[in-house]
Amino acid sequence: MESSSRSSAAFHQMEINWDKLDKTKFYVVGAGIFTGVTVALYPVSLVKTRLQVASRDTAERSAISVIRSTLKSDGIPGLYRGFGTVITGAIPARVFFLTALETTKVAALKMVEPFRLSEPTEAAIANGVAGMTASLCAQTVFVPIDVISQKMMVQGYSGYEKYNGGLDVARRIIKSDGIRGLYRGFGLSVITYSPSSAVWWASYGSSQRVIWRLLGHGSGTEEAAPSPWTLVSVQAAGGIFAGAMTSCITTPLDTVKTRLQVMGHEKKLATREVVQKLISEEGWKGLYRGFGPRFFSMSAWGTSMILAYEYLSKNSLSLSLSLSLSYL
């Protein structure tokens with residue numbers, strides 16, 4: 001029992017202490033890191049989106065062909081269509097997400113402690129509940145941004161209409177469908193992102209515990225603290241595993257959601273019709289369009305945020321060893 005208590009305490013030291021966190025640094029640093037990682041990985045999101053909405057007759061059927069076509073027609077700026085909208089609108093969504101994530105994680109950990117579950121199970125439940133709750137809070141802000149940015153990502157591609165910036169997209173949507181048009185696919189977004197966030201955080205939290213166990217840490221015996229490189233490696237492995245699990249489970253939902261959000265005003269289809277069309281054209285594999293870029297994006301995004309945040313945490317004790325800036 002004593003060994004178990006020491007092991008539990010060792011693992012909980014790796015979790016964020018929300019009460020002692022410097023909130024100003026947390027949000028300022030978070031905004032900076034989020035912007036930097038978005039710049040690096042935004043083209044991957046654009047490629048994923050274009051693959052998901054491509055018609056059966058579209059020539060570009062792979063990530064490489066989409067990139068070549070985009071660079072040929074629009075150059076580097078073409079890979080960043082809709083970027084300004086995402087950066088401007090997603091900051092409030094990140095604030096909601098991060099606050100809900102950390103506060104819920106602390107509460108969830110306290111709730112599961114009395115059940116004396118294994119460390120991986122405890123971490124999976126607490127992180128999963130926190131991730132799902134945070135995603136639900138963020139969707140009210142993020143969905144309109146998602147709708148606008150994705151329409152800009154695919155403008156002029158595979159027959160989709162063109163726009164004169166994010167404001168033009170919003171104006172046309174509101175003129176045609178009212179404010180509710182900005183929330184097209186909201187239900188599916190919640191169904192997609194909430195489980196996605198829950199799976200990512202649950203997979204990440206539990207996989208870290210398993211890896212630490214395999215490495216001999218948290219066994220309850222006196223042991224030296226892991227080296228920075230070991231810590232980074234374990235977190236990177238956890239991020240990659242979480243990205244793989246999340247992509248496998250939620251890509252079909254993401255594909256359908258994307259198609260619903262980018263369709264023109266004259267092509268309004270129900271969710272069932274979108275699914276039926278995809279399956280009739282390409283079979284069940286059609287639901288996994290863009291799987292490669294999405295897996296890469298989710299794994300790289302989470303891992304990059306974790307590694308960057310760990311580097312920053314060494315220069316600010318008040319930021320601790322938080323993993324809270326990972327994105328889903």
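**Exercise 1. Place T255 and decide whether it is buried or exposed.**

Step 1. T255 sits in helix α8. The model used here is a predicted one.

Step 2. Check the accessibility. The relative accessibility of T255 is 0%. Buried means under 20%, so T255 counts as buried.

Step 3. List the contacts. Leaving out residues up to four places away in sequence, T255 touches Q52, L278, G286, L287 and R289.

**Exercise 2. Describe the secondary structure and the overall burial of the chain.**

Step 1. Count the elements. The chain has 10 helices and zero strands.

Step 2. Write the order. Starting at the N terminus, the elements read α-α-α-α-α-α-α-α-α-α.

Step 3. Turn to burial. The chain has 328 residues, and 52% of them count as buried.

Step 4. Look at the surface. About 15,000 Å² is exposed. Carbon and sulfur atoms supply 65% of this area.

Step 5. Ask how far apart the contacting residues are in sequence. Take the contacts with a separation of 6 or more. Of these, 79% come from residues 24 or more positions apart.

**Exercise 3. Find the residues of the largest nonpolar core that touch the most other members, and the helices that build this core.**

Step 1. The largest nonpolar core has 16 residues. V53 and V154 touch the most other members.

Step 2. Now the helices. At least two core residues come from each of α2 (23–53), α4 (83–112) and α5 (119–154).

Step 3. Which helix gives the most? Helix α2 does, with five residues.

Step 4. Another core lies apart from this one. That core has 12 residues, including A130, A134, W200 and Y204.

Step 5. Return to V154. Not counting residues up to four places away in sequence, V154 touches T49, R50, V53, Y160 and V262.

**Exercise 4. Work out the surroundings of Q150.**

Step 1. Locate the residue. Q150 is part of helix α5.

Step 2. Decide on burial. The relative accessible area of Q150 is 2%. The cut-off for buried is under 20%, so Q150 is buried.

Step 3. Find the polar partners. The side chains of Q150 and T49 make a polar contact of 3.2 Å. A polar contact of 2.9 Å links the side chains of Q150 and Q261.

Step 4. Complete the list. With neighbours within four places in sequence set aside, Q150 is in contact with T49, K257, T258, Q261 and V262.

**Exercise 5. Count the salt bridges and examine three of the pairs.**

Step 1. Recall the principle. Side chains of opposite charge can pair when their charged atoms come close.

Step 2. Set the cut-off. A salt bridge needs a side-chain nitrogen of Lys or Arg within 4 Å of a carboxyl oxygen of Asp or Glu. The count is 10 salt bridges.

Step 3. Take R81 and D74. Their side chains form a salt bridge of 2.9 Å, N to O. D74 has a relative accessible area of 30%, so D74 is partly exposed.

Step 4. Take R172 and E161. Their side chains also form a salt bridge, 2.9 Å from N to O. R172 belongs to helix α6 (residues 166–177), while E161 is in the loop between α5 and α6. The two are 11 residues apart. R172 is partly exposed at 24% relative accessible area. E161 is partly exposed at 31%.

Step 5. Take R294 and D254. The closest N and O atoms of this salt bridge are 3.3 Å apart. The pair links distant parts of the chain, 40 residues apart. R294 is in helix α10 (residues 291–313), and D254 is in helix α8 (residues 228–262). R294 and D254 are both buried.

Step 6. Widen the view. R294 and D254 belong to a network of salt bridges that also links K48, D146 and K257.

**Exercise 6. Identify the residues of a nonpolar surface patch and place I67.**

Step 1. Name the members. The patch is formed by I64, I67, L71 and I76.

Step 2. Give the area. Together these residues have about 330 Å² of accessible area.

Step 3. Place I67. Helix α3 (residues 63–74) contains I67.

Step 4. Classify I67. Its relative accessible area is 31%. Partly exposed lies between the 20% and 50% cut-offs, so I67 is partly exposed.

Definitions and conventions
Residues are numbered from 1 along each chain as its sequence is written. This is a predicted model: local features need pLDDT of at least 70, side-chain atom pairs count only at pLDDT 80 or more; totals for chains, interfaces and linings use all residues. Side-chain values use heavy atoms; hydrogens and water are left out. Patches are made of residues with over 30% relative accessible area and no salt bridge: like charges are joined within 9 Å, nonpolar side chains (Val, Leu, Ile, Met, Phe, Trp, Tyr) within 5 Å. Accessible areas come from the Shrake-Rupley method with a 1.4 Å probe; for residues, only the protein chains shown count as cover. Helices (H or I, at least four residues) and strands (E, at least two) are DSSP runs, numbered from the N terminus. Buried means under 20% relative accessible area, exposed over 50%, partly exposed in between (1.4 Å probe, protein chains only). Contact means heavy atoms within 4.5 Å. A nonpolar core is a set of buried Ala, Val, Leu, Ile, Met, Phe, Trp, Tyr and Cys residues joined through side-chain atoms within 4.5 Å. A polar contact is a pair of N or O atoms within 3.5 Å; within protein, one must be able to donate a hydrogen and the other to accept it, and residues adjacent in sequence count only if both atoms are side-chain atoms.
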